[in-house]
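User: I am in my first year and would like a close look at a single part of this structure, the largest pocket, followed by whatever else helps me to place it. Please take me through it slowly and in connected prose.

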Amino acid sequence: MIPPLVRLSGGGQSLIFAFESGLARLVWWGAELSAMEAEAAVRLADRGIPQGMLDAGEALSLHPCAAQGFTGFPALEIRRDDGTFLADPRVTGVRGGADAVEWRAMDRLAGLDLSVKVTLDAATGVAAFKTRVENTGGSTLCLDWVASAALPLDEDEALMFDGRWAGEMRPVRARLTTGTWLKDNRTGRTSHHAPPFAVVGAPGFGEDEGEVLGLHLAWSGSTRLVLERLRDGRLQAQAGELFLPGEMTLAPGEAYETPTLYAARSDRGLNGLSARLHPFVRDVIMGGRLAARPRPVTFNTWEAVYFRHDLDELKALADRAAALGVERFVLDDGWFAGRHDDTTSLGDWRPDPAKYPEGLSPLIDHVRALGMEFGLWVEPEMANPASELLAAHPDWSLKVAGREQPLGRGQYVLDLTRAEVSDAIFAQIDSLLRAHPIAYLKWDMNRDLTHAASAGRPAVHAQTQAVYALIDRLRATHPGVEIESCASGGGRADYEILKRTDRIWTSDNNDPFVRQALQRAFTIFFPPGVMGAHVPAAINPITGGRSGMALRAATALFGHMGIEADPRRFSLGESERLAWMIALHKRHRRRLHSGRLIRLPHPDPGASALMATDSEGALVCFTQLAPSMTATPAPLKLSGLDEAATYLVLRIDPPSRPSAMMKRSPPLAEGAPATASGRVLVRQGLPLPVLRVGGVALYELERIGDDAAFSGEARLAPARRAP
Ligand code: GLA
């Protein structure tokens with residue numbers, strides 16, 4: 001029995017699927033509808049059939065196919081050796097509940113079964129779409145393309161993400177006026193330049209305004225994102241795994257499962273979208289792991305010493321880091337056998353005997369005696385040609401016989417689809433974790449996949465799954481060890497890797513002038529608790545740009561905070577300011593990592609403002625990244641507050657002397673506390689100081705009364721203020 005419609009409800013909204021002529025269509029995604037309204041929505045979804053097209057029209061189903069007369073980008077493309085190229089799966093059974101629906105569609109002629117599952121998270125309203133294709137025919141079935149789902153779009157302004165190494169998550173806006181936007185990522189990792197995420201919304205949608213649909217394909221291999229305006233004006237989005245030619249072939253009885261496409265909708269712009277996605281990532285994708293323990297403030301050795309590892313120097317760095325308030329010390333690249341630059345030794349995961357004659361224990365003991373955890377950098381998927389591993393097993397890398405395999409950062413990708421290779425790498429990492437109290441692995445991955453074949457067959461899909469399996473196996477064996485996902489910075493940031501990792505290294509670029517925008521875009525889809533954000537040196541090693549400690553630390557403050565510099569080179573003033581910022585981070589850590597992060601809009605394009613809020617109060621940061629456009633900045637309108645409650649507001653980093661930038665600053669900007677209702681703070685906003693480029697203004701808000709009539713005493717202790 002196939003019902004005419006199925007209604008899923010959750011997160012204050014409904015999704016309505018209509019089943020007609022064996023096709024499943026999503027006809028409504030919006031406010032929660034009653035059963036009667038749902039029927040009306042299905043009736044009104046009939047747009048008729050125009051002239052000049054096929055007589056039956058072109059249904060935009062969850063898997064529109066050419067065999068159904070669909071002339072847009074099809075969601076399923078297949079081949080068989082006998083010439084079969086059309087697929088026409090028709091729904092034969094539907095099972096539905098309030099928060100999940102599953103249907104099966106069969107095509108006997110093409111010999112395939114399609115199973116589609118859609119779940120709606122009741123708490124956040126995030127939907128998950130997953131499709132399975134089974135070869136029910138008698139010969140090999142080749143899948144050229146299977147979208148996790150095709151979703152109809154109501155609006156036509158797209159926000160996609162471009163980028164590069166050290167410049168991830170660059171937002172690109174485009175109107176979907178005609179034809180197809182194809183974001184193909186063929187790098188075999190989530191990529192710096194074409195991550196499979198997008199937001200499509202009402203033209204001009206902003207942080208707080210406009211109806212938007214956010215799409216995120218959870219996959220860490222090659223991917224495709226399709227946004228298309230069909231010839232009759234309708235719009236669709238698709239996402240799925242991108243296969244190498246002939247890569248996905250199914251023997252009779254075999255099946256392929258797509259990655260999950262997560263999608264969420266909001267009628268309150270990007271902040272509304274993040275308000276659904278952040279808790280969903282924390283609670284569902286990551287299973288609530290992060291809530292169990294505050295995210296430890298981290299020191300990472302890379303930009304402090306690079307490959308120059310000296311035990312005494314590293315101990316001195318640990319001493320300095322601990323004094324600043326650091327809770328986790330991570331030994332980056334350069335610690336293992338023969339690794340003095342990036343040309344050798346990946347694959348040989350034991351301490352370098354010259355740098356660590358007594359192994360890692362003396363350093364680890366020192367770090368732990370200072371009260372910090374110890375973390376270690378590894379790049380388990382790779383090996384250099386100059387390594388004992390590849391010398392012993394030259395055939396262990398992914399390669400195409402007879403072709404020269406290009407190097408990437410001087411390294412090859414190990415063929416983890418082979419059990420003996422994966423076992424050998426597992427054994428090395430496992431023995432390190434058994435031998436030492438290592439609490440954290442920075443898991444790096446520093447090259448694209450090319451010539452990715454195993455036993456003569458294309459293998460990006462299998463390799464991606466093998467990487468997941470290796471991480472899963474290590475996690476199962478060492479459940480207490482946290483893992484960071486790094487791929488030359490943020491090249492592997494997606495929801496599938498986050499199911500098995502605890503943090504993402506957002507970018508190798510720590511320059512706050514770049515990071516502010518990068519992190520702002522990153523937080524559309526990712527909660528700040530997983531966003532590795534480190535305080536760099538004053539002169540940035542990647543951009544050459546210079547920045548003050550206030551901006552550098554304020555930029556790291558809103559993520560999972562850390563240090564990526566030699567703290568011995570910080571001046572006394574810089575160290576004092578950083579220690580204060582780390583203490584501030586710890587004081588607001590719960591709010592920053594479990595509360596609500598809001599990207600506050602401000603009319604000055606050279607300014608950027610963030611706010612972390614919960615029921616008790618908020619932390620607000622305003623930064624000036626380019627010269628202000630106006631003589632006085634527009635007030636900063638806050639958000640996410642209880643409008644009826646009263647808040648005490650204090651600027652916690654007022655200038656030590658009255659600001660020379662104004663004849664008279666707003667008293668709040670000079671450090672005078674103020675009380676105001678949420679309503680006033682939201683509608684009128686905070687009066688801001690005029691800041692120099694690189695300037696920061698930080699405010700704490702404390703909820704001091706439940707009604708707007710409350711007039712309380714200023715209770716924030718002066719000790720909270722910056723040194
Ligand atoms: C990559 C990472 C860096 C650092 C280096 C070490 O580039 O993104 O953070 O770990 O490798 O080689």
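**The largest pocket and its surroundings**

Analyst: Strand S3 supplies eight residues to the lining of the largest pocket, which is the largest share of that lining. Please keep in mind throughout that this is a predicted model. The pocket itself has a volume of about 1,200 Å³, and 45 residues line it, with Arg25, Ala45, Arg47, Leu60 and Arg234 lying nearest its centre. Strand S3 covers residues 23–31, and it is one of several elements that each give at least two residues to the lining, the others being strand S2 (13–20), helix H1 (35–44), strand S9 (141–153), strand S13 (197–201) and strand S14 (212–218). When the lining residues are sorted by class, 26 are nonpolar, seven are polar and twelve are charged.

The second largest pocket can be described in the same terms. Its volume is about 640 Å³, and among the 25 residues that line it, Arg651, Pro655, Leu691, Arg692 and Val696 are the closest to its centre. Its lining is made up of 14 nonpolar, five polar and six charged residues.

From the pockets we can turn to the aromatic rings, of which a search of the whole structure finds 22 pairs. In one of these pairs, the ring centres of Tyr262 and Tyr495 are 5.8 Å apart and the planes meet at 55°, so the pair is classed as tilted. Because Tyr262 belongs to strand S19 (residues 260–266) while Tyr495 belongs to helix H9 (residues 495–498), this pair ties together parts of the chain that are 233 residues apart in sequence. Tyr262 and Tyr495 are both buried. A second example, formed by Phe336 and Trp377, is stacked, with 6.0 Å from centre to centre and 10° between the planes. This pair also links distant parts of the chain, since Phe336 is in the loop between strand S21 (328–331) and helix H5 (361–369), whereas Trp377 is in strand S22 (residues 373–378), 41 residues apart. Phe336 has a relative accessibility of 0% and therefore counts as buried, and Trp377, at 1%, counts as buried too.

Ring pairs can also join into a wider group: Phe161, Phe197, Tyr262, Phe280, Tyr495, Phe522, Phe525 and Phe526 are linked by them into a cluster. Rings also meet charged side chains here, as the charged end of Arg500 sits over the ring of Tyr468, 4.3 Å from its centre, and Arg515 lies over the face of Trp505, 5.0 Å from the ring centre.

The cysteines deserve a careful word as well, because a disulfide would need two sulfur atoms within 2.5 Å of each other. By that rule the count is zero disulfides. For Cys65, the closest cysteine sulfur is that of Cys142, and at 15 Å it is too far away for a bond. Cys65 counts as buried because its relative accessibility is 0%, and Cys486, with 1%, counts as buried as well.

Finally, Glu702 offers a contrast in accessibility. Glu702 lies in strand S37 (residues 696–705), and at 22% relative accessibility Glu702 counts as partly exposed. Its C-alpha is 8.7 Å from that of Leu650, although Glu702 and Leu650 are 52 residues apart in sequence.

Note on methods. Residues numbered from 1 in each chain as written. Predicted model: local features only at pLDDT ≥ 70, side-chain atom pairs only at ≥ 80, totals over all residues. Heavy atoms only, no water. Phe/Tyr/Trp six-rings, centres within 6.5 Å; stacked < 30°, edge-to-face > 60°. Helix = DSSP H or I, 4+ residues; strand = E, 2+ residues; numbered from the N terminus. Buried < 20%, exposed > 50% of the residue type's maximum accessible area, 1.4 Å probe, protein only. Lys NZ or Arg CZ within 6 Å of the ring centre and 35° of its normal. 1 Å grid on protein atoms, 1.4 Å probe; cavity = no way out; pocket = protein on both sides within 12 Å on 5 of 7 lines; lining within 4 Å. Points joined across faces, edges and corners; volume = space filled by probe spheres on them. Nonpolar A, V, L, I, M, F, W, Y, C, P; charged D, E, K, R; others polar.
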